Amino acid sequence: MSNFKVPDSVLIILKQLETAGFQAYLVGGCVRDMIMGRSIHDWDITTDASSDEIMTVFRSTIPTGIKYGTVTVMSRSTKAEVTTFRTDGTYGDMRHPENVRFVKNLEEDLARRDFTMNAMAMDMRGNVTDVFGGRDDIKKGLIRCVGNAEKRFSEDALRMLRAVRFSAQLGFEIEQKTEAAMEKLGRNVAGISAERVLEETVKMLMSPKPEAVLKAFEYGMYSGITDKIPDIAAVGRIGRIKKEKCLKICALAYILGDPEFLPKIKAESKAVKLYKLADSMACDSEKEIRYAVAVYGFGTVGAVCMLRDAKFGGYRFLTMKKIKKSGNYITKNNLQISGEDIIAAGIEKGPQIGAILTALLRHVNDVPEDNNEETLLKLAMSMENM
Ligand code: ATP
Ligand code: MG
């Protein structure tokens, strides 16, 4: 266990619980990630202390999910979710267990967890409790349900999406019986809230293996959202897109060719706007990219280039970067005339000012020597009432 590095702020929580006479273990993803040598982003602790007892032991707590036995404990700048040992009853809304039952032993708590790799616990001395062979499965690179896969996926369909997401993040295979159950029950994911589906989908797309999402499509997990299936090569290219959630989810919808995908999965409105732009903007040849940069700027055109590269292949984004690096381009900032100049010259204020500016930007892209105030003013006047 020598390579396990638990921050002191987290160890203190385990220690304080033990000192107060309770059992306390790190559990779930943080134990998995420690064993795998991955960085850890959240600390979960499982204990036989009740929520009330947890809140008595620590000074700074937030009752995050009392119904489910979860209290957030603040320790210096770190926070940990501390949850009472429990088993989950049936999942009514296919997400939250309806009748949580608090239990007295660790093994029962571990048995409710989704996959063997997520069902291990570790105490403050580094002793690992691994009753379902999680370490073995990690060694083999396998995602395997704890217990009967069909039963576990029937309790909570989100677990199937999580399995696909973990396979993308960790590069693991899905164990055969677990996968067979996913094939059979995948369509039940349609009953899961859009927010959860979005969250898992974004995690898949941000991972080193975005093409894993195909498996979720194959097993009908998006059947409540779209009936389209994305192109395999295009989905793989999502990996080249800048790591921004909005861009990644927009790319998936764009590749699907289904604008309804975004509102249905409750993606942010920014993604919907970007989809429309990518769909309508001429942005393929170098000349088009130059025009687009002149009108929309590098930020927006960069996003559109990445989306179109993912969907159709090609190197629009690279072309745009070369243009930017060369310093030889026209944007609103270096056009030698402004909207005010045009208005001052007598053209009536209104939407046509914008149209004239866009036309001038395009013109100057073609004829750079015309980028001077005198010529541009003349051109602007000739465009009045265009
Ligand atoms: P991540 O790296 O995304 O945080 P994680 O495994 O830690 O992965 P969390 O959502 O943080 O995932 O959940 C913490 C632990 O709770 C899991 O490791 C697992 O033991 C358990 N868990 C979470 N969601 C479920 C579920 N739907 N069904 C069963 N157990 C679950
Ligand atoms: Mg976690």
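Ligand 1 lies between two domains of the protein, because domain 1 (1–130) and domain 2 (141–224) both give residues to the shell around it. The model is a predicted one. The shell around ligand 1 holds 17 residues. Arg32, Asn118, Asp156, Arg159 and Arg165 are the closest of these. By class, twelve residues of the shell are charged, four are polar and one is nonpolar.

Several polar atoms of the protein approach ligand 1. The side chain of arginine 159 places an N or O atom 2.7 Å from a nitrogen atom of the ligand. Aspartate 114 contributes through its backbone, where a polar atom is 3.2 Å from a nitrogen atom of ligand 1. Glycine 29 also uses its backbone: an N or O atom there lies 3.1 Å from an oxygen atom of the ligand. Taken alone, ligand 1 exposes 580 Å², and the protein buries 87% of that area. Two elements give two or more residues to the shell, namely helix H2 (29–36) and helix H7 (158–170). Helix H7 gives the most, with four residues.

Arginine 32, one of the closest residues to ligand 1, is placed in helix H2. Its relative accessibility is 5%, so arginine 32 counts as buried, the limit being under 20%. The side chain of arginine 32 makes a polar contact with the side chain of aspartate 33, at 3.0 Å. Beyond its neighbours within four places in sequence, arginine 32 is in contact with Arg38, Met117, Asn118, Ile138, Phe166 and Leu170. Of these partners, Asn118 is also listed among the closest residues to the ligand.

Tryptophan 43 lies in strand S2, which spans residues 43–47. With a relative accessible area of 9%, tryptophan 43 is buried, because that value falls under the 20% limit. Its contacts, leaving aside neighbours within four places in sequence, are with Lys5, Val6, Pro7, Val10, Leu26, Cys30, Met34, Thr78, Lys79, Ala80 and Glu81. One of these partners, lysine 79, is 36 residues away from tryptophan 43 in sequence. In space, the C-alpha atoms of tryptophan 43 and lysine 79 are 7.3 Å apart.

Isoleucine 255 is found in helix H12, residues 245–256. The relative accessible area of isoleucine 255 is 9%, so this residue is buried by the under-20% limit. Outside the neighbours within four places in sequence, isoleucine 255 is in contact with Pro230, Asp231, Ala234, Val235, Ile238, Ala310 and Lys311. Isoleucine 255 and asparagine 118, a residue of the ligand shell, are separated by 33 Å, C-alpha to C-alpha. In sequence, isoleucine 255 and asparagine 118 are 137 residues apart.

Helix H15 covers residues 286–296. Its buried residues are Ile289, Tyr291, Ala292, Val293, Ala294 and Val295. Their cover includes helix H16 (298–312), helix H17 (316–326) and helix H19 (351–366). Just after H15, glycine 297 adopts a positive phi of about 90°.

Definitions and conventions. Residues numbered from 1 in each chain as written. Chains lettered and ligands numbered in written order. Predicted model: local features only at pLDDT ≥ 70, side-chain atom pairs only at ≥ 80, totals over all residues. Heavy atoms only, no water. Near = heavy atom within 4 Å. Polar contact = N/O pair within 3.5 Å; in protein donor to acceptor, adjacent residues only side chain to side chain. Areas by Shrake-Rupley, 256 points an atom, 1.4 Å probe, with all protein chains shown as cover. Nonpolar A, V, L, I, M, F, W, Y, C, P; charged D, E, K, R; others polar. Domains from an automatic or database assignment. Buried < 20%, exposed > 50% of the residue type's maximum accessible area, 1.4 Å probe, protein only. Contact = heavy atoms within 4.5 Å.
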